[in-house]
Amino acid sequence: MTQLDLVVRSRRTVTPEGERPAAVAVRGERVEALHAYDAPLDAAEDVDLRDLALLPGLVDTHVHVNEPGRTHWEGFASATRAAAAGGVTTIVDMPLNSLPPTVSVAALEAKLAAARGQCHVDVGFWGGAVPGNVKDLAPLRERGVLGFKCFMSPSGVEEFPPLEGGELRRALEEVAGFGGLMVVHAEDPALLAEPAGPGYPEFLASRPGEAERSAVRRLVELSRETGARVHVLHVSSAACLDVLAAARADGVPVTAETCPHYLTLAAEQVPEGATAFKCCPPIRSAANRDLLWEGLAGGVLSCVVSDHSPSTADLKVPDFAAAWGGIASLQLGLAAVWTEAARRGHRLADVARWMAAAPAALAGLPGKGAIAPGNDADLVAFDPAADNPVDAARLHHKNPVTPYHGRVLKGAVLTTWLRGRPVDGVPHGRFLLGEQ
């Protein structure tokens with residue numbers, strides 16, 4: 001056999017079977033085999049992490065890159081640098097906040113052209129489902145989107161309106177017809193209101209947990225009736241968990257995710273005027289957060305992904321009724337989740353399942369999300385014991401706005417390999433396009 005390209009050894013290699021000592025042998029862009037930690041192997045490069053952890057590259061299926069059109073908010077170059085620095089080797093870009101939104105093949109082509117040559121990690125794309133574009137869904141799938149996103153309530157940008165009335169059913173029937181996936185922002189607009197004041201308590205009251213629960217109940221019934229595979233985005237309210245658990249028990253093809261900020265932050269901690277904490281649906285109480293952790297541990301929630309939705313600092317005015325709603329955390333998700341997960345007795349293998357394997361499975365990305373023979377050699381050297389003080393100005397995000405600023409998280413990414421190559425400042429990410 002010819003010489004291996006890379007061997008990475010760790011006494012804490014996180015595999016689908018759990019954490020164990022191993023030497024990961026890489027040939028070309030893929031994992032060839034897992035050997036004993038101290039196995040003699042001939043490789044061009046042999047890296048020994050000793051007691052540091054080796055994780056699979058994370059897969060973040062909920063990222064708003066905003067390019068083209070709002071590149072001053074973020075962009076492919078800055079977003080993918082931030083992703084790699086946070087241990088994320090694959091992102092899936094959301095169809096909105098870019099201009100044009102990804103609701104047609106022409107819009108997808110514009111996005112591909114904007115992203116080409118800029119990506120430091122691999123990138124997939126969601127298409128958008130909006131009123132009047134049912135005819136565009138199959139062509140978008142044929143061009144390579146991994147699924148479709150829609151809103152059940154206003155999105156916050158006028159160019160991406162929600163699906164109302166029978167439009168959602170028609171879109172789900174179309175997606176079911178070709179075996180696709182619909183990912184959904186689920187809040188019932190009839191239960192939302194304008195905040196009664198500028199503070200966080202008023203904002204939180206304007207988007208009650210019942211709005212999520214009501215929308216999820218409707219979505220479950222539509223999935224049951226149409227057969228469409230549906231995924232509920234960014235679950236913030238534990239009031240949804242029993243609905244989701246019952247649907248799963250009934251065999252309805254519905255899955256759900258939550259986000260680092262819902263698992264690590266709490267409404268009681270939001271400082272006055274600190275609109276870096278504003279997102280929709282909102283961060284809720286510490287007691288609600290505990291229940292989300294129970295839902296995650298029990299498998300009702302399968303994925304943890306960032307919902308990275310940045311903006312320029314000027315849009316984060318100190319008024320929760322008026323500020324842009326979105327949290328920037330792409331670079332920080334792993335450390336944020338590990339900080340809280342470790343405190344609650346979870347293991348790195350759990351985090352890898354929630355943040356790598358499950359999102360890869362959701363988006364249909366074979367070869368991603370796990371350290372296993374035949375998979376892409378997407379690897380992360382991680383020090384789980386390191387203190388990680390957050391300075392927003394030192395992040396790779398384009399705008400220095402994050403609710404984690406000033407916090408000390410636990411765990412630091414030391415090296416990220418994408419398909420066997422260290423992410424070193426030269427973009428070598430690829431597009432992950434589905435059916436062609």
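1. A good place to start in this predicted model is the pairing of strand 7 (residues 88–93) with strand 8: the two run parallel and are joined by 4 bridges. To find your way along strand 8, look for glycine 124, which has valine 92 standing opposite.

2. Step back a little and you will see the sheet that holds this pair. It is an open sheet of 3 strands in the order 6-7-8, and the pairing is parallel. Strand 6 (58–63) and strand 8 (122–125) are the edge strands, each pairing on one side only. On average, neighbouring strands of this sheet are turned by 25° against each other, direction ignored.

3. Next, have a look at what lies across the sheet's strands. Helix 11 (residues 348–363) lies across strand 6 and strand 7, and helix 11 runs at about 55° to strand 6.

4. A helix pair is also worth a visit. Packed helices in general are described by the angle between their axes and the distance between the axes. For helix 3 (residues 134–143) and helix 4 (residues 166–177), the axes come within 10 Å and cross at roughly 30°. Angles under 35 degrees count as roughly parallel, so helix 3 is roughly parallel to helix 4. The crossing in which helix 3 passes helix 4 is right-handed.

5. Which residues make the contact between these two helices? Helix 3 contributes Val134, Leu137 and Ala138, while helix 4 brings Arg170, Ala171, Glu174 and Val175. Sorted by class, this contact of helix 3 with helix 4 has 5 nonpolar and 2 charged residues, with no polar ones.

Key:
Residues are numbered from 1 along each chain as its sequence is written. This is a predicted model: local features need pLDDT of at least 70, side-chain atom pairs count only at pLDDT 80 or more; totals for chains, interfaces and linings use all residues. Side-chain values use heavy atoms; hydrogens and water are left out. Axes are lines fitted to C-alpha atoms, for helices over the stretch in contact, and angles run from 0 to 180 degrees between N-to-C directions. Angles under 35 degrees count as roughly parallel, over 145 as roughly antiparallel, 65 to 115 as roughly perpendicular and the rest as oblique. A crossing is left-handed if the near helix is turned anticlockwise from the far one by less than a right angle, and right-handed if clockwise. Contact means heavy atoms within 4.5 Å. Ala, Val, Leu, Ile, Met, Phe, Trp, Tyr, Cys and Pro count as nonpolar, Asp, Glu, Lys and Arg as charged, and the others, Gly among them, as polar. Two strands pair if DSSP finds at least two bridges between them.
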